[in-house]
Amino acid sequence: MPLLAAAGCAREDTLEVSVVGLSHKTADLSVRDRASISVPEVAARLTEAADSPGIAEALLLSTCNRSELYLVSNNGSRMAAEDAFARAHRLPLEEVRGHLYVHRNLDAVRHFCAVAAGIDSMVVGEHEIMAQIKQAVGLGKRAGTVKTTLGRLANKALAAGKRVRTETKLGEGFVSVASVAVGLAEEVFGDLANARLLLLGAGQNSELIAERLHAAGARSIIVSNRNYERARDLASRFDGQAVRFDDFPSELAKADIVIASTHAPHAVITAEQVRAVLRDRQRQPMFVIDLSVPRNVDPEVGQIHGVRLYDLDGLNQFLRTTREQRTSEVPRAQEIIEREAREFLVWMRSREIVPITLTILDAAEALRAEEMQAFLAETTNLTTRQERAVERLTRRLVHRLLRVPLDQLRELACTPEGAHNVEVVKSLFGVEVAAGAADPVEVEVDGDDLDEDDSEATDETSAKAG
């Protein structure tokens, strides 16, 4: 029998946090199109992922430029993570495996913090990803798959993102796809006051674009959305006009700039439509920006003479100069991320270390008390004062012997090999910890979860910059 075995306790495998995903860095738009998940589908997809063997928590972050699955599990293998991703996205694994990255523990926490800080975004330093993370956590909490660990991890990632934006210059200049889109329109047309603009979609990104267009001098803004009331509300804020979604094709013939940002799962602007309106426009040029995933504009539109089409991948070229200007701020941002990530790992490992430490101390105290009782039974001539002195001596001896290894355990648990180190210590001391021991209360994410009334607006939010 192990020296310090805790009898009657069920063993709990060490949990690990991991992320598996693809992004604009590993997959082009055609792959990201297939991996995109609309808001109404998230709950069911999370449930499917959480049903995978060994998974305790799951968080799905799906934006235009990434689709990532964050997991808490007792099986952190690459194969298990990839299988969970394929199941959640309902895709054959062989279609996406070559585009996937998998990070575990400290690397996974670093990655999430970098995503929240905008370092991993197409538009370095962009802000929209913060709201998208809060939205993703809210959806995960509703689905019951985001609990203590992932809730705490999201808090830490958001804290890192806030610090990076306030303590560095990473967010200066173009900081969102919306601002880049407007900047590109200005580069092409110059004064926007004479350009007629058509916005398809009235979600968050369309609102951001409308604000920037209006600030840049645009005065002719047409908004079209499946929810006509929302289109009318958005248009009224900027002295624009709203048209019903079924009627927007008639506006194409009048539009100089078209920005598509809906959540439709298919192309809403076809090459045939554009060819027809160009004839009506006497071949006047048209500038089209597609910010949606899946794409709302047929890629063939870009082959039509007189049309300039930019999708998210096309904007990446335009962003290169801006990205290079911010490179000097990345090391400072990474220092902040490293500190925040390690703090989270300390917290995560402490959830395992506290019950392990208590179990070792309790077992050592039980052995000490047993030996002390046997010693006193054999020694009958000690005074009460002497007995108390021996008691204090043995207690101090046990604690001094264990202090260094237990301190080292806390240090070793927070290294990249922390999970393995904890298991070695548990095996060395013969420790088995009761499931659920020392679990803290559930963590609420900064920034309230989305209200139920916001679900419709969420469905319309389309251009996701992260």
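## Strands β1, β2 and β3

Let's start with strand β1, which covers residues 16-23: β1 runs antiparallel to β3, and eight bridges hold the pairing. This comes from a predicted model, so keep that in mind as you look around. To find one spot where these two strands meet, go to Leu 22, whose bridge partner in β3 is Ser 67.

Strand β3 (residues 66-73) also pairs with β2, again antiparallel and again through eight bridges. Two residues make up the hairpin that takes the chain from β2 to β3. Ser 67 turns up here too, since Ser 62 stands opposite Ser 67 in β3. Another pair to look for is Glu 57 with its bridge partner in β3, Val 72.

## How covered are these strands?

Where do the side chains of β3 point? Arg 66, Glu 68, Tyr 70 and Val 72 go one way, while Ser 67, Leu 69, Leu 71 and Ser 73 go the other, and all of them are buried. With eight of its eight residues buried, β3 is therefore largely enclosed by the rest of the structure.

Strand β2, spanning residues 55-63, is mostly covered as well: eight of its nine residues are buried.

## Thr 149 and Trp 347

Now move along the chain to Thr 149, which sits in helix α7 (residues 148-167). Is Thr 149 buried or exposed? Its relative accessible area is 2%, so Thr 149 is buried. If you skip the neighbours within four places in sequence, Thr 149 is in contact with Glu 57, Val 72, Phe 344, Trp 347 and Arg 351. Two of those names are familiar, as Glu 57 and Val 72 are bridge partners.

Trp 347 belongs to helix α14, residues 330-378. Trp 347 has a relative accessibility of 12%, so Trp 347 counts as buried too. Along the sequence, Trp 347 and Thr 149 are 198 residues apart, but in space their C-alpha atoms are 9.5 Å apart.

## A parallel sheet of six strands

Elsewhere there is an open sheet made of six strands, with parallel pairing and the order β7-β6-β5-β8-β9-β10. At the edges you'll find β7 (241-244) and β10 (307-310), each of which pairs on one side only. Going from one strand to the next, the twist averages 20°.

Inside that sheet, β5 (residues 196-200) and β6 (residues 220-225) pair in the parallel sense over five bridges. A handy place to check this is Leu 197, which stands opposite Ile 221 in β6. Helix α9, made of residues 204-215, packs on the sheet and touches β5, β6 and β8 (257-260). The direction of α9 makes about 165° with that of β5.

## Two helices side by side

Last stop: helices α2 (residues 42-50) and α3 (residues 78-89), which pack with their axes 8 Å apart and at an angle of about 150°. An angle over 145 degrees counts as roughly antiparallel, and α2 and α3 are therefore roughly antiparallel to each other. The crossing of α2 past α3 is right-handed.

Which residues of α2 and α3 make the contact? From α2 they are Arg 45, Glu 48 and Ala 49, and from α3 they are Ala 84, Arg 87, Ala 88 and His 89. By type, the residues in this contact of α2 with α3 split into three nonpolar, one polar and three charged.

Terms used:
Residues are numbered from 1 along each chain as its sequence is written. This is a predicted model: local features need pLDDT of at least 70, side-chain atom pairs count only at pLDDT 80 or more; totals for chains, interfaces and linings use all residues. Side-chain values use heavy atoms; hydrogens and water are left out. Axes are lines fitted to C-alpha atoms, for helices over the stretch in contact, and angles run from 0 to 180 degrees between N-to-C directions. Helices (H or I, at least four residues) and strands (E, at least two) are DSSP runs, numbered from the N terminus. Angles under 35 degrees count as roughly parallel, over 145 as roughly antiparallel, 65 to 115 as roughly perpendicular and the rest as oblique. A crossing is left-handed if the near helix is turned anticlockwise from the far one by less than a right angle, and right-handed if clockwise. Contact means heavy atoms within 4.5 Å. Ala, Val, Leu, Ile, Met, Phe, Trp, Tyr, Cys and Pro count as nonpolar, Asp, Glu, Lys and Arg as charged, and the others, Gly among them, as polar. Buried means under 20% relative accessible area, exposed over 50%, partly exposed in between (1.4 Å probe, protein chains only). Two strands pair if DSSP finds at least two bridges between them.
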